[in-house]
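The following questions and answers examine one protein chain by reasoning from its structure. Each answer closes on the value or name requested.

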Amino acid sequence: MPNNEQLYAELQRVIDEHGQEPGALMPVLQGAQEIFGCVPIDVQKYIAEKLHTTLSEVYGVATFYSQFSLQPKGEYLISVCLGTACYVKGSQKVLDKLSEVLNVPVGGTTPDGRFTLQATRCLGACGLAPVMTINEEVYGRLTPDDIPGIIAKYQTA
Ligand code: FES
């Protein structure tokens, strides 16, 4: 794992490359996302300072585009579909159960960095509603009672 200093040095290279261009913020944020895996507040502050702009400007852009995440993602990304087909089949209850079992809010990551819980739009597997994915794995026809067993598999993995 490269240390923080190396990551910031890499970010600085991206800033040196794009810093003079109009609209430099987008490529710099993209670079930061690639380098750090997310754009946390300290990185936003650094970018704001180096691009001579404000933190609120950087924050505004970073939160507007869903390609940027502001927090590190967990090892396992759990996405619960809240699209119509899944929602009518109770995906909200599945999501609530996950939040309870993992003890994280939707959008949050467990303190051990293992799981990130998020809600998502239609995953294109409506026939299996309600659906969630854990990284590449798809789970369908879920009930809240299935959740503890599924999570346990990943906790011991
Ligand atoms: S609505 Fe959930 S997969 Fe389509």
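Q: Is Arg-114 buried, exposed or partly exposed?
A: The model is a predicted one. Arg-114 is found in the loop between α6 and β2. A residue is buried with 20 or more other C-beta atoms within 10 Å and exposed with 12 or fewer. Because Arg-114 has 15 other C-beta atoms within 10 Å, its class is partly exposed.

Q: Which residues does Arg-114 touch, not counting residues up to four places away in sequence?
A: One residue distant in sequence gives a first indication: Lys-73 is 41 residues apart from Arg-114 in sequence, yet the two C-alpha atoms are 8.5 Å apart in space. The residues that Arg-114 touches, with those up to four places away left out, are Gly-74, Glu-75 and Tyr-76.

Q: How far apart do the C-alpha centres of domain 1 and domain 2 lie?
A: Domain 1 covers residues 4-64 and domain 2 covers residues 76-156. The C-alpha atoms of the protein chain fill a box of roughly 55 × 35 × 20 Å along the principal axes. Within the chain, the C-alpha centres of the two domains are separated by 31 Å.

Q: In what order do the elements of the protein chain run from the N terminus on?
A: The protein chain has 7 helices and 4 strands. Read from the N terminus on, these elements give the order α-α-α-α-β-α-α-β-β-β-α.

Q: Is Gln-6 buried or exposed?
A: Gln-6 lies in helix α1, which spans residues 4-18. Its C-alpha atom is 9.8 Å from that of Ile-35, a residue 29 positions away in sequence. Exposure requires 12 or fewer C-beta neighbours within 10 Å. Gln-6 has 11 inside that distance and therefore counts as exposed.

Q: Why do the buried residues of α3 line one face of the helix?
A: The buried residues of helix α3 (residues 41-50) are Val-43, Gln-44 and Ile-47. Seen down the axis of α3, these residues line one face because they fall within an arc of 100 degrees.

Q: Against which helices do the buried residues of α3 pack?
A: On the side of α3 away from its buried residues, Asp-42 and Glu-49 are exposed. Just after the helix, His-52 takes a positive phi of about 55 degrees. The buried residues of α3 pack against two helices, α2 (25-36) and α4 (55-64).

Q: Which strands are the edge strands of the sheet?
A: The open sheet has 4 strands in the order β2-β1-β3-β4, with mixed pairing. An edge strand pairs on one side only, and the strands that do so are β2 and β4 (137-139).

Q: Do β1 and β3 run parallel or antiparallel?
A: Strands of a sheet pair through backbone hydrogen bonds, either parallel or antiparallel. On one side, β1 is joined to β2 by 6 bridges, and these two strands run parallel; here Val-80 stands opposite Ala-119 in β2. In β3, the bridge partner of Ile-78 is Ile-134. With 3 bridges between them, β1 and β3 run antiparallel.

Q: Which element gives the most residues to the largest nonpolar core?
A: Of the 15 residues in the largest nonpolar core, Ile-78, Val-80, Val-94, Leu-98 and Met-132 touch the most other members. The elements that give two or more residues to this core are β1 (76-81), β2 (115-120) and α6 (91-102). With 4 residues, the element that gives the most is α6.

Q: At about what angle does α6 run to β1?
A: One contact set illustrates the surroundings of this helix: beyond four places in sequence, Val-94 is in contact with residues including Val-80, Met-132 and Ile-147. The helix α6 lies across β1, β2 and β3 (132-134), and its angle to β1 is about 150 degrees.

Q: What percentage of the residues of the protein chain count as buried?
A: In soluble globular proteins, nonpolar side chains tend to be buried together. In this chain, residues 24 or more positions apart account for 58% of the contacts with a separation of 6 or more. Of the 157 residues of the protein chain, the proportion that count as buried is 21%.

How values were computed: Residues numbered from 1 in each chain as written. Predicted model: local features only at pLDDT ≥ 70, side-chain atom pairs only at ≥ 80, totals over all residues. Domains from an automatic or database assignment. Core = buried A, V, L, I, M, F, W, Y, C linked by C-beta atoms within 7 Å. Contact = placed C-beta atoms within 7 Å. Pairing = 2+ DSSP bridges. Axes fitted to C-alpha atoms, helices over the stretch in contact; angles between N-to-C directions. Arc of directions from axis to C-beta.
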